[in-house]
Amino acid sequence: MADIQKGISFGTTAPSNSVTAARLNSLVDAALLLPGAISDRSEKSIMAGGDFFLILDSVSGLLKKARYTAVNPERGIIGTTRNLRASININALNLIALSCDEALLKDSGGNSLFISGLNVTVNTGSVGANGVDTAGTMTINTWYELWLISTGALHAGLLVRTGTSPAMPSGFTYKALVGAVRHVSSGNLIASYQTDRKVWLPEQVIFNDQVSVGPTGSYANVSAGVAPFAIAVSGSIGLSKVTVANTDRYVSVAAAANGIGAQNMLLPPTTAAVSLNSFFSAAPFRVPLFPPLIYWAAQTATSSSPVFRMTVSGFEI
């Protein structure tokens with residue numbers, strides 16, 4: 001079949017024999033080859049799923065029909081990342097330094113895009129790629145989602161107010177939710193540092209000088225320090241005040257009143273009355289989270305009138 005050559009157009013017959021375009025078309029059940037279709041200008045360099053093509057069987061010498069099936073080698077879980085870093089410096093609270101070695105994004109059709117070597121700065125004062133998705137004043141005391149977005153060639157970050165769908169900049173079709181930041185006011189965010197799915201924050205006070213709820217327990221709202229879609233929370237709980245010296249105290253923190261993920265902590269005794277606007281004694285905790293609440297309980301000697309303090313310093317998404 002050496003007479004079927006690149007750059008030589010078909011007429012009603014091939015250049016030197018009786019192989020016609022019509023006969024080749026019969027192999028693929030459709031008018032795939034037309035006179036003039038094989039040329040430097042009109043060859044199809046990229047095939048799509050469902051396309052037919054012809055191959056030459058080197059043994060039989062016959063042309064055979066084959067059908068192209070598109071294979072996506074980057075199938076995987078959207079938002080999967082390696083070595084993602086998102087940091088907000090205390091001296092530049094309007095900027096997010098965002099980078100990752102690798103990440104997997106998808107478009108609305110579920111098609112995957114594997115990206116690598118991302119290194120950008122997201123600015124709360126900008127709109128669109130590497131900024132906020134919509135123009136206007138950012139909502140105060142509100143969590144914003146951090147997305148990776150891409151055109152397929154150009155990659156960027158995007159801030160989206162939690163609870164809303166991303167307004168994608170023109171040309172950007174791939175996206176993945178990878179993080180969260182909290183806007184305080186005037187474009188300033190809470191300083192934070194994120195590695196892949198873990199986020200660390202300065203201590204956010206959930207309650208202070210809270211009268212003991214006793215062994216029956218109570219729920220605390222941690223939304224000030226935890227993104228709405230977080231799956232775990234880290235922090236500290238302890239005493240901030242007692243009226244007299246007291247013995248050991250037991251504190252428990254859990255995801256819910258049924259004790260899911262409960263962590264029980266023993267706080268050391270006090271030798272005298274203590275009144276502080278901070279921790280006198282405390283213990284760290286990390287529990288699963290059903291946002292925005294976690295459960296806590298305490299067992300103490302009531303004669304000392306103990307009051308407690310809880311802070312949050314990190315979460316996982």
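## Arginine 182 and its surroundings

Arginine 182 is in contact with Asn141, Thr142, Trp143, Asn188, Leu189, Ile190, Ser223 and Ala224, once neighbours within four places in sequence are set aside. This comes from a predicted model. The residue sits in strand β10, which covers residues 174-185.

Arginine 182 is buried, yet it has no salt bridge. Look for the nearest side chain of opposite charge and you land on glutamate 145, 13 Å away. With a salt bridge needing a nitrogen-to-oxygen distance within 4 Å, glutamate 145 at 13 Å doesn't qualify. What the arginine 182 side chain does reach is a backbone oxygen, that of asparagine 141, at 3.3 Å. Asparagine 141 also turns up in the contact list of arginine 182.

## The overall picture

Zooming out, the protein has one helix and 21 strands. It runs to 317 residues, and 40% of them count as buried.

Sequence-distant contacts feature too: taking contacts between residues at least 6 apart in sequence, 65% join residues at least 24 apart.

## Two nonpolar cores

The largest nonpolar core is built from 32 residues. Ile237, Phe285, Ile294, Trp296, Met310 and Phe315 are the ones with the most contacts inside it. Strands that each supply at least two residues of this core are β13 (198-211), β15 (232-242), β16 (249-254), β17 (263-267), β19 (281-288), β20 (293-299) and β21 (307-316). Apart from this core lies another one, of 24 residues, with Leu98, Tyr144, Ala176 and Val181 among them.

Back in the 32-residue core, isoleucine 237 is worth a click in your viewer. Beyond its neighbours within four places in sequence, isoleucine 237 is in contact with Phe207, Val251, Val253, Met265, Leu267, Phe279, Ala282, Ala283, Phe285, Trp296, Arg309 and Met310. Three of those partners, Phe285, Trp296 and Met310, are named alongside isoleucine 237 for having the most contacts in the core.

## Leucine 146 on β8

Leucine 146 belongs to strand β8, residues 142-150. Its relative accessible area is just 1%, so it counts as buried. Not counting residues up to four places away, leucine 146 touches Ala86, Ile96, Leu98, Val122, Leu158, Leu159, Ala176, Leu177, Val178, Gly179 and Ala180. Two of these, Leu98 and Ala176, are among the residues of the 24-residue core.

Glycine 157 is 11 residues from leucine 146 in sequence, with 7.0 Å between their C-alpha atoms.

## Around strand β12

Strand β12 (residues 192-195) runs antiparallel to β4 (residues 85-88), and four bridges join the two. One pairing to look at is isoleucine 88 with serine 192 in β12. On to β13: three bridges link β12 and β13, again in the antiparallel sense. Here threonine 195 has lysine 198 as its bridge partner. The two strands form a hairpin with two residues between them, and aspartate 196 in the turn has a positive phi of about 50 degrees.

Alanine 191 is found in the loop between β11 (188-189) and β12. With 13% relative accessibility, alanine 191 counts as buried. Beyond residues up to four places away in sequence, alanine 191 touches Ile88, Ile90, Leu93, Trp200, Leu201 and Pro202. Alanine 191 and serine 87 are 104 residues apart in sequence, but their C-alpha atoms are 7.5 Å apart in space.

Terms used
Residues are numbered from 1 along each chain as its sequence is written. This is a predicted model: local features need pLDDT of at least 70, side-chain atom pairs count only at pLDDT 80 or more; totals for chains, interfaces and linings use all residues. Side-chain values use heavy atoms; hydrogens and water are left out. A nonpolar core is a set of buried Ala, Val, Leu, Ile, Met, Phe, Trp, Tyr and Cys residues joined through side-chain atoms within 4.5 Å. Buried means under 20% relative accessible area, exposed over 50%, partly exposed in between (1.4 Å probe, protein chains only). Contact means heavy atoms within 4.5 Å. Two strands pair if DSSP finds at least two bridges between them. Lys and Arg count as positive and Asp and Glu as negative; His and the chain ends are not counted. A polar contact is a pair of N or O atoms within 3.5 Å; within protein, one must be able to donate a hydrogen and the other to accept it, and residues adjacent in sequence count only if both atoms are side-chain atoms.
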